[in-house]
Amino acid sequence: MPEREELIAGWRRNLAETTGCTNEILDELESHLRDELQQLLQSGYSEERAFALAASRMGHPRALATEFAKIAEPPLWLPVRWATFAVIVLAALLVGFLLSRWQDDRLESLVAAHVGAITLGYSISLLVGTLVICYVATRPFRDLSNGQLRGLEQTVFKLIATATVLTLLGILLGCVWAKDHLGRYWSWDPRETWGAVVVVWNVVLLLCLRAHVWEHRAILLGILGNGLVGFAWLAGAPHLRGLVIGFALIQALLFGLGFLPAGVLRRRGA
Amino acid sequence: MKIGKDLVAASAVPLILSILEEGESYGYAIIQRVRALSSGGLEWTDGMLYPVLHRLESQGLIRSRWGESESGRRRKYYALKLSGRKTLAEQKQQWRVVLATLNQLWGAQHA
């Protein structure tokens with residue numbers, strides 16, 4: 001029995017060194033080896049022979065390493081990495097700016113938190129839209145690999161979830177401020193209303209992403225979110241309405257372009 | 001009769017999903033089931049099953065959990081998810097078309 005344990009420990013060590021697999025994978029493979037070993041011993045094989053046979057049935061460690069390397073997650077698509085980096089930089093800059101204003105007593109803490117949450121929420125929504133536009137612009141020339149596409153979808157989901165929470169928090173803080181200063185929580189002010197529309201839209205996008213609406217193309221809805229954020233951000237500036245409508249129409253056009261077949265321009269150019 | 005490597009690889013996913021459709025299972029049991037069903041014709045290298053299982057899990061088609069075997073050892077169990085059932089339904093349709101096509105061709109040749 002101790003000899004069997006030594007053999008298994010040696011086999012596992014060799015596998016770990018050759019494949020570089022995680023402990024969880026090694027645990028699973030070891031569990032399989034033990035099942036096989038038990039079966040062979042019950043069939044009347046000697047300890048030594050049973051172990052040799054069970055180990056050979058598992059396959060050569062190098063072959064296993066090659067197979068596991070194939071399922072390793074590919075690196076994230078470059079724009080996805082940029083977007084993640086941009087969110088971190090943006091959040092750090094915004095928090096730094098608002099903190100400095102608050103310390104100078106030029107901004108009360110409630111307003112600083114409201115402005116920070118809303119600005120970051122809207123910015124992240126716009127960043128997601130821009131990220132998806134990058135995808136739409138790339139797709140006619142080459143489609144992303146399944147792994148890259150999965151990474152893009154997951155990043156869009158996480159960023160939109162963050163944007164939703166921040167925007168909602170910003171609106172709630174705004175309501176509290178309005179109650180203190182204006183005597184009411186909500187007044188259907190265009191900025192409030194469009195802020196609520198952005199939150200609702202983000203929730204719809206999250207649900208569509210979770211339900212895999214149009215398969216991976218649910219991320220295209222992120223582009224339409226750009227238009228809504230445009231309305232929300234400039235709702236207090238009626239003289240810029242034409243500009244915002246133009247911006248929203250461009251987003252709608254880009255959304256439509258997302259339905260072009262992948263590689264369509266590459267094939268025509270070839 | 002041993003089945004060729006390419007066909008073994010191509011049939012791995014529908015086989016695994018079909019076995020998991022019967023209920024939760026684990027790697028060793030899946031391999032034993034395939035061996036028994038194919039009378040030893042479909043011979044997988046045991047370790048090669050796991051990269052496929054992990055890929056299916058990362059694609060969201062199956063889920064896993066650590067449980068205990070009858071002897072009290074830790075064992076990883078796999079189960080089919082709803083998206084896995086949908087994928088299996090699609091694969092079944094595709095394989096039925098392939099089988100029907102081959103049957104027609106080979107049926108005609110034998111006639």
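Begin by selecting helix H3 of chain B, residues 49-58, in this predicted model, and then display what covers its buried residues: helix H2 (23-42) and helix H4 (61-71) of chain A, together with helix H1 (5-21), helix H2 (27-37), strand S2 (62-68) and strand S3 (74-80) of chain B, are included in that cover. The buried residues of H3(B) themselves are B:Leu49, B:Tyr50, B:Val52, B:Leu53, B:His54 and B:Leu56. Following the chain beyond H3(B) brings you to B:Gly60, whose phi is positive, near 80°.

**The interface between the chains**

Since elements of both chains appear in the cover of H3(B), the next selection can be the contact between chain A and chain B, in which 17 residues of chain A meet 15 residues of chain B. On the side of chain A that touches chain B, H2, helix H3 (47-58) and H4 of chain A each supply at least two residues, and H2(A) gives the most, with 9 residues. If you colour this side of chain A by residue class, you will find 6 nonpolar, 3 polar and 8 charged residues.

**The sheet of chain B**

Now show the strands of chain B, where 3 strands form an open, antiparallel sheet in the order S1-S3-S2. Strand S1 (25-26) and S2 of chain B are the edge strands, each pairing on one side only. The pairing of S1(B) with S3(B) is antiparallel and extends over 2 bridges; to see one position in this part of the sheet, select B:Tyr26, whose bridge partner in S3(B) is B:Tyr77. Between S2(B) and S3(B), which also run antiparallel, there are 7 bridges, and here B:Ser64 has B:Tyr78 of S3(B) as its bridge partner. The hairpin of S2(B) and S3(B) has 5 residues between the strands, and B:Gly72 in this hairpin takes a positive phi near 90°.

**Chain A as a whole**

Turn next to chain A, which has 11 helices and 0 strands. Of its 270 residues, 28% count as buried, and among the contacts in chain A with a separation of 6 or more, 75% are accounted for by residues 24 or more positions apart.

**The nonpolar cores**

What should be selected inside chain A to find the members of the largest nonpolar core that touch the most other members? These are A:Ile124, A:Val128, A:Leu131, A:Val132, A:Val156 and A:Leu159, in a core of 39 residues. Helix H5 (78-103), helix H6 (109-138), helix H7 (146-182), H8 and H9 of chain A are the elements that give two or more residues to this core, and the largest share, 11 residues, comes from H6(A). Centre the view on A:Leu131, which, leaving aside residues up to four places away in sequence, touches A:Pro79, A:Val80, A:Ala83 and A:Val156. Apart from this core lies another, of 26 residues, and A:Leu15, B:Ile16, B:Ile30 and B:Ile62 are among its members.

**Helices H8 and H9 of chain A**

Select helix H8 (residues 190-210) and helix H9 (residues 221-233) of chain A, whose axes come within 9 Å and cross at roughly 170°. With angles over 145 degrees counted as roughly antiparallel, H8(A) and H9(A) are therefore roughly antiparallel to each other. On the H8(A) side of the contact, show A:Arg191, A:Trp194, A:Gly195, A:Val197, A:Val198, A:Trp201, A:Asn202, A:Leu205 and A:Cys208; on the H9(A) side, the residues they meet are A:Leu221, A:Gly222, A:Gly225, A:Leu228, A:Val229, A:Phe231 and A:Ala232. By class, the residues of this contact divide into 11 nonpolar, 4 polar and 1 charged.

**Two loop residues with positive phi**

Most residues other than glycine have a negative phi, and the last two stops depart from that tendency. In the loop between H7 and H8 of chain A, select A:Trp188, whose phi is positive, near 55°. Is A:Trp188 buried or exposed? A:Trp188 counts as exposed, because it has 7 C-beta neighbours inside 10 Å, where 12 or fewer is the limit for that class.

Finally, move to the loop between H2 and H3 of chain B and select B:Ser39, a residue other than glycine whose phi is likewise positive, near 50°. With 8 other C-beta atoms within 10 Å, B:Ser39 is exposed.

Key: Residues numbered from 1 in each chain as written. Chains lettered and ligands numbered in written order. Predicted model: local features only at pLDDT ≥ 70, side-chain atom pairs only at ≥ 80, totals over all residues. Buried ≥ 20, exposed ≤ 12 C-beta atoms within 10 Å, placed from the backbone. Helix = DSSP H or I, 4+ residues; strand = E, 2+ residues; numbered from the N terminus. Contact = placed C-beta atoms within 7 Å. Nonpolar A, V, L, I, M, F, W, Y, C, P; charged D, E, K, R; others polar. Axes fitted to C-alpha atoms, helices over the stretch in contact; angles between N-to-C directions. Parallel < 35°, antiparallel > 145°, perpendicular 65-115°, else oblique. Core = buried A, V, L, I, M, F, W, Y, C linked by C-beta atoms within 7 Å. Pairing = 2+ DSSP bridges.
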